[in-house]
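Reader: Please take a close look at the aromatic pairs in this model, and at the strands that carry them.

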Amino acid sequence: MQKIYSLIIGCFAFSLGAVAQVEIHMDNDPGTNYNGQNVPLTIGYQDYTIYMHAVNTSGAAANYNFRRVIMSSTATFTDQFCDNQLCYVTSGNDWTTPQSNAIPAADSSLMKPLLNFTGGGDLHLRYYVLDADNGDAAIDSVDFTITSTVGIEEKIDISLSAYPNPANDEFFINFNGNEGKEFQLVVYNVVGAEVMKKTLVNGLNKLNVEDLNNGVYFYSIVNNNDIIETKKLLVRH
């Protein structure tokens with residue numbers, strides 16, 4: 001019986017020694033092990049980079065490859081992947097680095113996906129660390145579930161009424177626009193120079209025009225530097 005126990009313990013120790021070990025760390029949270037985790041992201045930019053590292057915790061030198069799998073996608077995008085060797089343009093739903101990275105014990109390899117979105121939607125990616133010394137067997141992985149809002153723009157709805165026009169000393173604007181968005185009222189003279197600017201609130205807004213010269217002006221409703229609507233304003237004191 002003692003020989004059997006010794007044989008089992010010896011086999012168990014051998015199997016542990018043969019298993020490569022790695023920890024996947026996000027560069028913005030280096031103290032956390034993200035092995036097997038799902039990281040949700042909402043991205044409003046066309047270009048986005050994920051910074052992470054695969055840390056060799058096996059106690060011996062190891063050779064890593066990396067694999068990127070598109071689990072599902074309704075977004076339109078292209079991507080690249082960088083490791084310690086090179087940055088590669090990926091292809092297909094299932095892609096693996098063409099050459100391995102030699103990583104000393106306690107050292108790490110860069111894992112840097114670069115994403116370029118041309119259309120919004122949902123994207124689920126999985127990144128594997130592979131044991132290149134063992135037929136590219138998967139050691140561990142991390143998932144990213146990404147919502148891209150690129151190209152998905154909320155419709156701007158506004159309503160307004162303004163009076164009096166011509167205005168003497170005061171000009172009133174009854175305004176309603178999308179909640180959570182900021183709108184400005186910008187007044188221009190006839191040569192296009194800005195003469196007045198005011199942030200609008202939903203409801204009644206008052207503009208003091210007593211310092212403006214008599215004449216023709218134009219006022220625009222602006223959101224995020226986009227002109228939504230423009231109207232004429234007459235000032236007569």
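Author: What follows treats the aromatic pairs, then a sheet, then one loop residue. This is a predicted model, in which local features need pLDDT of at least 70 and side-chain atom pairs count only at pLDDT 80 or more, while totals for chains, interfaces and linings use all residues. Residues are numbered from 1 along each chain as its sequence is written, and side-chain values use heavy atoms, with hydrogens and water left out.

Rings of Phe, Tyr and Trp (its six-membered ring) pair if their centres lie within 6.5 Å; planes under 30 degrees apart count as stacked, over 60 as edge-to-face and the rest as tilted. By this rule there are ten aromatic pairs. Phe81 and Trp95 make a tilted pair, because their ring centres are 6.2 Å apart and their planes stand at 55 degrees. Phe81 belongs to strand 6 (residues 76-82) and Trp95 to strand 8 (residues 94-96), so the pair ties together parts 14 residues apart in sequence. Strands here are DSSP runs (E, at least two residues), numbered from the N terminus. Phe81 and Trp95 are both buried, that is, under 20% relative accessible area with a 1.4 Å probe, protein chains only.

Phe171 and Tyr219 form an edge-to-face pair, at 5.3 Å centre to centre with 65 degrees between the planes. Phe171 is in strand 14 and Tyr219 in strand 18 (residues 215-223), so this pair ties together parts 48 residues apart in sequence. Phe171 counts as buried at 0% relative accessibility, and Tyr219 counts as buried at 4%.

One aromatic cluster is formed by Tyr64, Phe66, Phe81, Tyr88, Trp95, Tyr127 and Phe144.

Strand 14 also takes part in an open sheet of three strands, with the order 13-14-17 and antiparallel pairing. Strand 13 (159-163) and strand 17 (203-208) are the edge strands, each pairing on one side only. From one strand to the next the twist averages 20 degrees, with axes fitted as lines to C-alpha atoms and angles running from 0 to 180 degrees between N-to-C directions. Strand 14 (residues 170-176) pairs with strand 17 in the antiparallel sense over six bridges; two strands pair if DSSP finds at least two bridges between them. Gly203 in strand 17 is the bridge partner of Phe175.

Lastly, Asn189 sits in the loop between strand 15 (183-188) and strand 16 (194-200). Leaving aside neighbours within four places in sequence, Asn189 is in contact (heavy atoms within 4.5 Å) with Val195, Val216, Tyr217 and Phe218.

Methods:
Helices (H or I, at least four residues) and strands (E, at least two) are DSSP runs, numbered from the N terminus. Buried means under 20% relative accessible area, exposed over 50%, partly exposed in between (1.4 Å probe, protein chains only).
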